[in-house]
Amino acid sequence: MIYCDLHAHLKRLCNYIDDEVDLGGGLIMRNFEFCSRVRFPESFSDPGPNLALPEIDGENSELLQIHTQLNMMDSHICDNQNFRYHVIYAGKEKKARDIIILFHGFNEKYWDKYLPWAAHLARKTGKAVVLFPIAFHMNRAPAFWSDKRQMHRASQERKKRYPHLIDSTLSNAAISTRLHNRPDRFIWSGLESYHDVIDFVEQIKRGEHPGIEAEAGIDFCSYSIGTFLGEIVLMTNKNGYFSRSKYATFCGGPVFNRLSPVSKFILDSESNVSLYSYLVEHLESHMRENERLNYLLSGAFEEGVNFRSLLNYKKELKYREDKFRGFSDRFYAVTLAEDEVVPAYEVINTLRGSRGDINIRVDVLDYSYPYRHEDPFPTNSKIAEAVDREFVRTFDMIAEFLA
């Protein structure tokens, strides 16, 4: 079954409600419950400096509802706290002996794109693949944020308010509004995701996971911004849990200020400016003004220091590169020559270091058909065979490294 058909097949069969789903071809998907223990700062009751709610009248009542939904206190979003994650097994074993945790990209709402990736990795490596959602993404986001009519309305309002706005769409209206208004959400949600992963791993280590052996090997695969999370996990190496973990990334790896995330499918231009200003240009001043932020990022917690080191290429350079050297033989990156969101040269500059002396393997591929970062393997029947060849080539390389 070639990639295009496999994508359609898995999308049709996948069921995220039942405890176990037969995907055919020896693949089984099991769905597990998770409760995030992390709670966001109560200061999120403040709507933020960039939010200007419209007046309540007949014309704008719907728009007010949209803004209210998008900017509710994050600690009150139940979808983000209690959710399901999914594990794909290449066989009917009740407990996986080894796993690969797969992290997705920015502003992702559905797992469809990743199902063939996970299936291929499971078959080729024999390891179960865990599809674990980042905070406020996938099924951790309210369905309202994906409502096409409402998000089109939100996008149109942003275009009116910001005349020079670039790439605002219904696909990115929710995340763009939320991060534009509160760019610190990027930090809090990133740290929440990190602690969720650690809690998940510690559940396994205690022998409490119903589908994974306590002594299971734990490797990682990530795409795009998911690499940011995985790097923090490896850099921190909580209790030595990941001292032997392998990590393969696809279209990811640079620090934050070397990404170009303005896209119809990721962020609009105003939200990107707000993020860059907060995370790169003025982070130190925000830390001085926010005691909790300073506490988390300035040294009390290693994961916070590691997070901060991945924001600005020139800041904490030696610290970051020493960390990368420590796992360079267990880290592998595949990137694409025509990727405009995560440029290949920025992947190399970050992972191999400012002097090019970090021995991390980076392979730059160029596909035989038009592609973009957000859709490296288009499900277009006219180029189905070419897409299948490139998909197999790419994920065979990744699987071989992770096997």
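Trainee: Are Tyr85 and Phe200 buried or exposed?
Mentor: The model is predicted: local features need pLDDT of at least 70, side-chain atom pairs count only at pLDDT 80 or more, and totals for chains, interfaces and linings use all residues. Residues are numbered from 1 along each chain as its sequence is written, and side-chain values use heavy atoms, with hydrogens and water left out. A residue is buried under 20% relative accessible area, exposed over 50% and partly exposed in between (1.4 Å probe, protein chains only). For Tyr85 and for Phe200 the class is buried.

Trainee: How many aromatic pairs does the structure hold?
Mentor: Rings of Phe, Tyr and Trp (its six-membered ring) pair if their centres lie within 6.5 Å; planes under 30 degrees apart are stacked, over 60 edge-to-face, and the rest tilted. The number of aromatic pairs in the structure is 42.

Trainee: What is the geometry of the aromatic pair of Tyr85 and Phe200?
Mentor: The ring centres are 5.1 Å apart, and the planes meet at 70 degrees. Since planes over 60 degrees apart fall in that class, the pair of Tyr85 and Phe200 is edge-to-face.

Trainee: How many residues apart in the chain are Tyr85 and Phe200?
Mentor: Helices (H or I, at least four residues) and strands (E, at least two) are DSSP runs, numbered from the N terminus. Tyr85 lies in strand E3 (residues 82–90) and Phe200 in helix H7 (residues 185–205). The pair thus links distant parts of the chain, its members being 115 residues apart.

Trainee: What is the geometry of the aromatic pair of Tyr114 and Tyr223?
Mentor: These two rings are 5.9 Å apart centre to centre, with 65 degrees between the planes, and the pair is edge-to-face. Tyr114 belongs to the loop between strand E4 (96–103) and helix H4 (115–125), whereas Tyr223 belongs to strand E6 (residues 212–223), 109 residues apart. To restate the class of the pair, it is edge-to-face.

Trainee: Why does Tyr114 count as buried, and why does Tyr223?
Mentor: Tyr223 counts as buried because its relative accessibility is 2%. Tyr114 counts as buried because its relative accessibility is 0%.

Trainee: Which residues form one aromatic cluster?
Mentor: Tyr114 and Tyr223 both belong to the cluster. The full membership is Tyr3, Trp111, Tyr114, Trp117, Tyr223, Phe250, Tyr367, Tyr369, Tyr371, Phe377, Phe391 and Phe395.

Trainee: With which residues is Phe103 in contact, leaving aside its neighbours within four places in sequence?
Mentor: Phe103 is placed in strand E4 and counts as buried because its relative accessibility is 0%. A contact is a case of heavy atoms within 4.5 Å. On that basis, the partners of Phe103 are Phe132, Val197, Phe220, Cys221, Ser222, Tyr223, Gly226, Leu229, Gly230 and Tyr247.

Trainee: How many residues of helix H8 are buried?
Mentor: Helix H8 spans residues 226–236 and is mostly covered. Among its buried residues are Gly226, Glu231 and Thr236. The count of buried residues is 11 of 11.

Trainee: What is the phi of Ser224?
Mentor: Most residues other than glycine have a negative phi. Ser224 is in the loop between E6 and H8 and counts as buried because its relative accessibility is 11%. Its phi is positive, near 55 degrees.

Trainee: What is the phi of Cys251?
Mentor: Cys251 occupies the loop between strand E7 (247–250) and H9, and it counts as buried because its relative accessibility is 0%. Although Cys251 is not a glycine, its phi is positive, at about 60 degrees.

Trainee: Which residues line the largest cavity?
Mentor: On a 1 Å grid over the protein atoms alone, a cavity is a set of points where a 1.4 Å probe fits but cannot get out, and lining residues have an atom within 4 Å of a point. Grid points are joined across faces, edges and corners, and the volume is the space filled by probe spheres set on the points; for the largest cavity this is about 90 Å³. The lining is Phe106, Phe186, Ser224, Ile225, Phe256, Leu259, Pro261, Ile266, Val341 and Val342.

Trainee: How many charged residues are in the lining of the second largest cavity?
Mentor: Ala, Val, Leu, Ile, Met, Phe, Trp, Tyr, Cys and Pro count as nonpolar, Asp, Glu, Lys and Arg as charged, and the others, Gly among them, as polar. The second largest cavity, about 60 Å³, is lined by Leu279, Val280, Leu283, Glu284, Arg308, Leu311, Asn312 and Lys315. By class, this lining has four nonpolar residues, one polar, and a charged count of three.

Definitions and conventions. 1 Å grid on protein atoms, 1.4 Å probe; cavity = no way out; pocket = protein on both sides within 12 Å on 5 of 7 lines; lining within 4 Å.
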